[in-house]
Every structure is written in C-alpha cells, then in structure tokens.
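Student: Got a minute to go through this model with me? I'd like to start with the overall fold.
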Amino acid sequence: MDNEEFEQFVLKFGKDILRFCRMTAQDMENGDELYQDTMLKLLEKKKRLDFTQDTKSYALSISIYLWKNRRKKYANRMRLVPIESINEMFDEGYQISDCENKDSPEHIVLQQNEVDLIQRLVGALPEKYRIPIYLYYSADMQINEVSKVLGLPEGTIKSRMRKAKKLLKEKLEAIGYDR
C-alpha cells in the first residue's frame, strides 16, 4: 500500500474506525487516542498491507488488540470503579418519559439521555458480547466481517449478538423501559 492508497483508505473507512474506537473506549478522548494509535500502527505496516484485501477488518482488529492491551495495563495499575447501578441513576432523578413535541429541547435532552443509557448498558456488557455489537452497529460491518475480525465462526458471533440483545432487553425491562 502506498501513501495515496493509505490516504484513500483513511478517507473511506476512517469515520467508521473512529466511531468504533470511541464506542470501544467509551469516551471521546480515549477513543480518539485509540484511533490515532491504530492509524499509526497501520502506517507502520502500510508497506506490507494490500489495498485489495479487507484492510478495514485488519484495522479494527488492531484497534481491538490495542484496546485490550491498554485495559490490561491500566487494570494492573488500579482497580476499576464499579459502574453506577441503574437504581442509583433513578435515585438521582433520571427519568424516561414520552414527550408530545419531538422538537422541544426537553425531548431532545430526554432522547440524548436514552441514548446515553443504552450506551452505558452496552458498555457494561461483558467484552465478548460488547465487541461484536460495536463492530456490527458502529463500524457498520456484516456478520461475516465481524467473524473475520474476531477470528470466530459466524455462528458464534450470531449467538453472542443474540445473547447481548437479550441481556440488554432484560436490563431495560428491569428499569421499566418499554419501547
């Protein structure tokens, strides 16, 4: 892969990879850093990359690898703080409600709160369920592509996604979310 092909790759797939990195890191700053590290690693290996092959899957594999290594490093340095429970969120006044006016500021804020809640719930899933969900929905990959990236059979990916959706549904039902 030469410089021009690498630039085309970044223009074509950069947004998907950045979105995946941000969702994996669960915040913008760490996601941007993961994206930069991923692109640097790809840049280092660009001579060995073939533009005709599935470089997007390879890039996502690199970001997963880098993220796992970073998490191991930081987990050894400090113990992770438990994720705030859903009950505590409701005790602090979080509510899910319907608004009549879809353009009202209240509705926009409530909609963003719902998005944040879903992202937190997905982020709380075990890694083996969370990563396929992120790849499928945020990186806009098909099941067979997710399978290649993670090095697992398609059936395993499908069953993990089904289990992740079931866990999310149970958590949402537990807090009274009924969409």
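Tutor: Sure. Helices here are DSSP runs of H or I with at least four residues, and strands are E runs of at least two. Keep in mind that the model is predicted.

Student: OK, so how many helices and strands does the protein chain have?
Tutor: There are 8 helices and 0 strands. Along the sequence the pattern reads α-α-α-α-α-α-α-α.

Student: And how much of the chain is buried?
Tutor: Buried residues account for 36% of the 179 residues.

Student: Which residues touch the most other members in the largest nonpolar core?
Tutor: Ile17, Leu42, Leu60 and Leu135, out of 38 residues in that core. The elements giving two or more residues to this core are H1, H2, H3, H5, H6, H7 and H8.

Student: What does Leu60 touch, leaving out residues up to four places away in sequence?
Tutor: Ile17, Phe20, Leu135, Ala139, Met141 and Val149.

Student: Switching topic: at what angle do H1 and H6 pack?
Tutor: About 155°, and their axes are 9 Å apart. Angles over 145 degrees count as roughly antiparallel, so H1 and H6 are roughly antiparallel to each other. The crossing of H1 past H6 is right-handed.

Student: Which residues make that contact?
Tutor: From H1, Phe20, Met23 and Thr24; from H6, Ile131, Tyr134 and Leu135. By class, that contact has 5 nonpolar residues, 1 polar and no charged ones.

Student: Last one: what share of contacts between residues at least 6 apart joins residues at least 24 apart?
Tutor: In this chain, 63% of them.

Terms used:
Residues numbered from 1 in each chain as written. Predicted model: local features only at pLDDT ≥ 70, side-chain atom pairs only at ≥ 80, totals over all residues. Heavy atoms only, no water. Core = buried A, V, L, I, M, F, W, Y, C linked by side-chain atoms within 4.5 Å. Buried < 20%, exposed > 50% of the residue type's maximum accessible area, 1.4 Å probe, protein only. Contact = heavy atoms within 4.5 Å. Axes fitted to C-alpha atoms, helices over the stretch in contact; angles between N-to-C directions. Parallel < 35°, antiparallel > 145°, perpendicular 65-115°, else oblique. Left-handed = near helix turned anticlockwise from the far one by under 90°. Nonpolar A, V, L, I, M, F, W, Y, C, P; charged D, E, K, R; others polar.
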